[in-house]
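Work through the exercises below with the sequence and the model open. Each task is followed by a solution in steps.

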Amino acid sequence: MNRDSDDLPIAIRLANRNDVPTILTIATQTATASHWTAEHYSHVAEKGILAIAESLTSLCGFIAVQTLTDDWEIQNLVVLPEFRRNRVAEKLVRNVMQSARNRHATRILLEVRESNAAARAFYEKLGFKMDGTRNGYYKDPRESAIMYFARL
Ligand SMILES: CC(C)(COP(=O)(O)OP(=O)(O)OC[C@H]1O[C@@H](n2cnc3c(N)ncnc32)[C@H](O)[C@@H]1OP(=O)(O)O)[C@@H](O)C(=O)NCCC(=O)NCCS
């Protein structure tokens, strides 16, 4: 079966200033997301990559990536609950990986809360490898970070 033909139709594009309020709302409603200010999102949109996935009717997810060195870092990735398990996050991450290859980056890095089983399963499905632990890295609640990387 060709799963692509069954997928929810989405388009991926770079976010602009007008998208930031919706991105903020989605992030605020997601306990496991990084919680940033509007200024921080605007900064990532300008200096890195802030991309969104849109269905025919609404914004369904976003990804924020720091691109300062050869190691790009996924800093935030959220798909709205009603759109999950439709390969929206997979398309956002694969899109970023292709951009990184085009721009000769060598690795994609990220860290997730140790207890974030969904995100860890997701990244491992995409081939990311564990790369150590940062004890007590997160606050509210305090928790270790698991670091992951993928070679490009
Ligand atoms: C993690 C997250 C981004 C995944 O988004 P998604 O669009 O549902 O993921 P996809 O549909 O692209 O998943 C692709 C594959 O990853 C794996 N996967 C995704 N979510 C999973 C889950 N909850 N449990 C187990 N495996 C999962 C599966 O193998 C899945 O393929 P399948 O549906 O054919 O089995 C989403 O759950 C989310 O927004 N979580 C809250 C925010 C967050 O924690 N972000 C990560 C920290 S930066």
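**Exercise 1: the ligand shell**

Task: Which residues come nearest to the ligand, and which elements supply the shell around it?

Solution. In this predicted model, 21 residues lie around the ligand, and Thr-32, Arg-84, Ala-89, Ala-118 and Ala-121 come nearest. Next, assign the shell to elements: strand S4 (71-79), helix H3 (88-102) and helix H4 (117-125) each give at least two residues. H4 provides the largest share, five residues. Finally, sort the shell by class: 11 residues are nonpolar, five are polar and five are charged.

**Exercise 2: the sheet**

Task: State the strand order of the sheet and find its edge strands.

Solution. The sheet is open and has seven strands, in the order S1-S2-S3-S4-S5-S7-S6, with mixed pairing. Strand S1 (11-14) and strand S6 (129-138) each pair on one side only, so they are the edge strands. On average, neighbouring strands are turned by 25 degrees against each other, direction ignored.

**Exercise 3: one strand pair and the helix on the sheet**

Task: How do S4 and S5 run, and which strands does H3 touch?

Solution. Start from the general rule: strands of a sheet pair through backbone hydrogen bonds, parallel or antiparallel. S4 and strand S5 (residues 107-113) run parallel and are joined by three bridges. One residue pair to locate is Asp-71 with its bridge partner in S5, Arg-107. Then turn to H3, which packs on the sheet and touches S1, strand S2 (49-54), strand S3 (59-66), S4 and S5. The direction of H3 makes about 35 degrees with that of S3.

Conventions
Residues numbered from 1 in each chain as written. Predicted model: local features only at pLDDT ≥ 70, side-chain atom pairs only at ≥ 80, totals over all residues. Near = placed C-beta within 6 Å. Helix = DSSP H or I, 4+ residues; strand = E, 2+ residues; numbered from the N terminus. Nonpolar A, V, L, I, M, F, W, Y, C, P; charged D, E, K, R; others polar. Pairing = 2+ DSSP bridges. Axes fitted to C-alpha atoms, helices over the stretch in contact; angles between N-to-C directions. Contact = placed C-beta atoms within 7 Å.
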